[in-house]
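Hi there,

As promised, I am handing over the structure we talked about. Have a look at it first, and then read on for what I found.

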Amino acid sequence: MRAEDVLGRVTLVTGKEEFLGARTVEDVKAAVRAHDAESEFSDGNASDLTLASLGEMSAPSLFSAVRCVVVRGLENLPDESVDGVLAYAASPVEDVALVLVHGGGQKGSGVLTKLRKLGAVSEHRSEELKPSDFPGFVANEVRRYGASIDREAADVLIEAIGRDLRSLAGAAHQLTNDFPGERISEAQVRRYFGGRAEAKSFAVADAAFAGRDRVALEELRWALDAGTAAVLITSAFAGSARGLARMVSAPRGMRDVDLAREVGVPPWKLRSLRDQSRGWTDAGLARAIRAVAQADADVKGAASDASYALERLVLTITGLRQR
């Protein structure tokens with residue numbers, strides 16, 4: 001991203017994927033900082049925004065005329081401030097980069113529609129990724145740091161780390177630091193992130209959805225002892241539930257390559273999904289998905305003990321499959 005892409009313009013960041021949205025905001029800031037090391041930055045919430053406060057945030061100071069203004073939660077913009085924001089976006093200040101962040105959903109969609117029609121507004125969407133998008137995300141992250149990665153290596157990294165974008169980006173950065181400018185292979189990924197398979201979030205989910213309660217609990221304890229974040233474990237469970245649901249509902253007789261595309265997994269993952277899918281019904285999967293959603297809310301603050309919430313999730317999932 002270049003300074004001329006953001007200064008004197010409005011960058012509209014939309015979508016529910018927080019990491020991608022934050023990445024765009026940081027890219028805008030970096031472009032402004034590269035243009036003028038003395039540039040100033042301000043960050044505020046749309047719920048507090050008025051035409052006067054926007055004018056104060058974007059006005060030049062004694063130290064620098066170049067500014068970057070970030071306004072978050074655009075969906076909460078007060079009605080009385082809408083016209084002022086639209087008027088500014090129609091004619092932005094030359095030395096100011098304004099970033100408007102909308103968290104997704106229908107709230108505030110009318111403002112988005114009007115902003116998208118303005119020539120000075122550039123939209124960057126940060127939508128949640130589909131399972132088939134994750135290898136491409138990993139490849140882009142590695143390319144961002146001047147290296148490249150094999151597709152098989154990207155698949156292994158996703159299996160090892162899970163589908164948390166921030167964690168995947170961190171792993172990609174680590175790999176490119178260790179192998180600068182190289183094409184990263186599956187062997188290199190396994191060397192750094194293979195470790196003890198039991199200590200990985202996807203291993204907990206695989207064992208649980210296969211109905212192996214004792215193994216799943218043991219793997220859960222290994223994962224937590226090894227420092228695996230609780231949210232990564234619930235993310236792995238959510239991914240497994242989605243994959244199983246797609247596997248169970250997929251048309252019969254499909255070729256593996258087509259089935260993998262339908263389910264949203266690499267072809268080599270189909271065997272384990274087939275094994276897991278035995279014993280699952282549509283009703284059981286629906287209950288499992290609700291249990292995963294509840295556990296995810298629990299580990300993010302709804303419950304006081306994340307470990308207990310995860311153990312309860314494991315026993316719920318294995319119990320549903322066994323029945």
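**What turned up**

The protein exposes about 16,300 Å², and carbon and sulfur atoms supply 48% of that area. Please keep in mind that this is a predicted model.

Let me start with the overall picture. The protein has 16 helices and 7 strands. Its C-alpha trace spans about 65 × 45 × 40 Å along the principal axes. Of the 323 residues in the protein, 48% are buried. If you count the contacts with a separation of 6 or more, 75% of them are between residues 24 or more positions apart.

**The largest pocket**

You may want to turn to the largest pocket next. The space in it comes to about 840 Å³. Its lining is made up of 25 residues, and those lying nearest the centre are Glu17, Glu128, Arg163, Ser235 and Lys300. Four helices each give two or more residues to this lining: H2 (18-35), H8 (165-178), H12 (230-249) and H15 (282-302). Which helix supplies the largest share of the lining? That is H12, with 7 residues. By residue type, the lining of the largest pocket divides into 12 nonpolar, 11 charged and 2 polar residues.

**Two threonines in pocket-lining helices**

Two of those helices, H2 and H12, also hold residues that I looked at one by one.

Thr234 is found in helix H12. With a relative accessible area of 2%, Thr234 falls under the 20% cut-off and therefore counts as buried. What does the side chain of Thr234 make a polar contact with? The partner is the side chain of Asp296, at 2.8 Å. A polar atom of the Thr234 side chain also lies 3.0 Å from the backbone oxygen of Val231. Leaving aside residues up to four places away in sequence, Thr234 touches Val292, Ala295, Asp296, Val299 and Leu310. Asp296 thus appears twice for Thr234, as a residue it touches and as its side-chain polar partner.

Thr24 lies in helix H2. Its relative accessibility is 12%, so Thr24 counts as buried too, again because the value is under 20%. Beyond residues up to four places away in sequence, Thr24 touches Met1, Thr11, Val13 and His124.

**Two valines**

Val96 is found in strand S4, which covers residues 96-102. Is Val96 buried or exposed? It is buried, with a relative accessible area of 1%. Val96 and Gly8 are 88 residues apart along the chain, yet 5.4 Å separates their C-alpha atoms.

Val111 is found in helix H5 and is buried as well, with a relative accessible area of 12%. Val111 touches Val82 and Leu86, if you set aside residues up to four places away in sequence. The C-alpha atoms of Val111 and Val85 are separated by 9.3 Å, and these two residues are 26 residues apart along the chain.

**Two charged residues with some exposure**

Lys117 has its place in the loop between helix H5 (109-116) and strand S5 (121-125). Its relative accessibility is 69%, over the 50% cut-off, so Lys117 counts as exposed. From Lys117 to Ala90 the distance is 9.4 Å, C-alpha to C-alpha, with the two residues 27 apart in sequence.

Glu186 is found in helix H9, residues 186-193. Why does Glu186 count as partly exposed? Its relative accessibility is 30%, and partly exposed is the class between 20% and 50%. Once residues up to four places away in sequence are left out, Glu186 touches Asp150, Glu152, Ala153 and Val156. Glu152 is 34 residues from Glu186 in sequence, and their C-alpha atoms are 6.0 Å apart in space.

**Where to look**

If you have the model open, you could begin with helix H12, which gives 7 residues to the lining of the largest pocket, and then find the contact between the side chains of Thr234 and Asp296. After that, Val96 and Gly8 make a good pair to view together, with their C-alpha atoms 5.4 Å apart.

Happy to go through any of this with you over coffee.

Best wishes

How values were computed:
Residues are numbered from 1 along each chain as its sequence is written. This is a predicted model: local features need pLDDT of at least 70, side-chain atom pairs count only at pLDDT 80 or more; totals for chains, interfaces and linings use all residues. Side-chain values use heavy atoms; hydrogens and water are left out. On a 1 Å grid over the protein atoms alone, a cavity is a set of points where a 1.4 Å probe fits but cannot get out, and a pocket is an open set with protein on both sides within 12 Å along at least five of seven lines; lining residues have an atom within 4 Å of a point. Grid points are joined across faces, edges and corners, and a volume is the space filled by probe spheres set on the points. Ala, Val, Leu, Ile, Met, Phe, Trp, Tyr, Cys and Pro count as nonpolar, Asp, Glu, Lys and Arg as charged, and the others, Gly among them, as polar. Buried means under 20% relative accessible area, exposed over 50%, partly exposed in between (1.4 Å probe, protein chains only). Contact means heavy atoms within 4.5 Å. Accessible areas come from the Shrake-Rupley method with a 1.4 Å probe; for residues, only the protein chains shown count as cover. A polar contact is a pair of N or O atoms within 3.5 Å; within protein, one must be able to donate a hydrogen and the other to accept it, and residues adjacent in sequence count only if both atoms are side-chain atoms.
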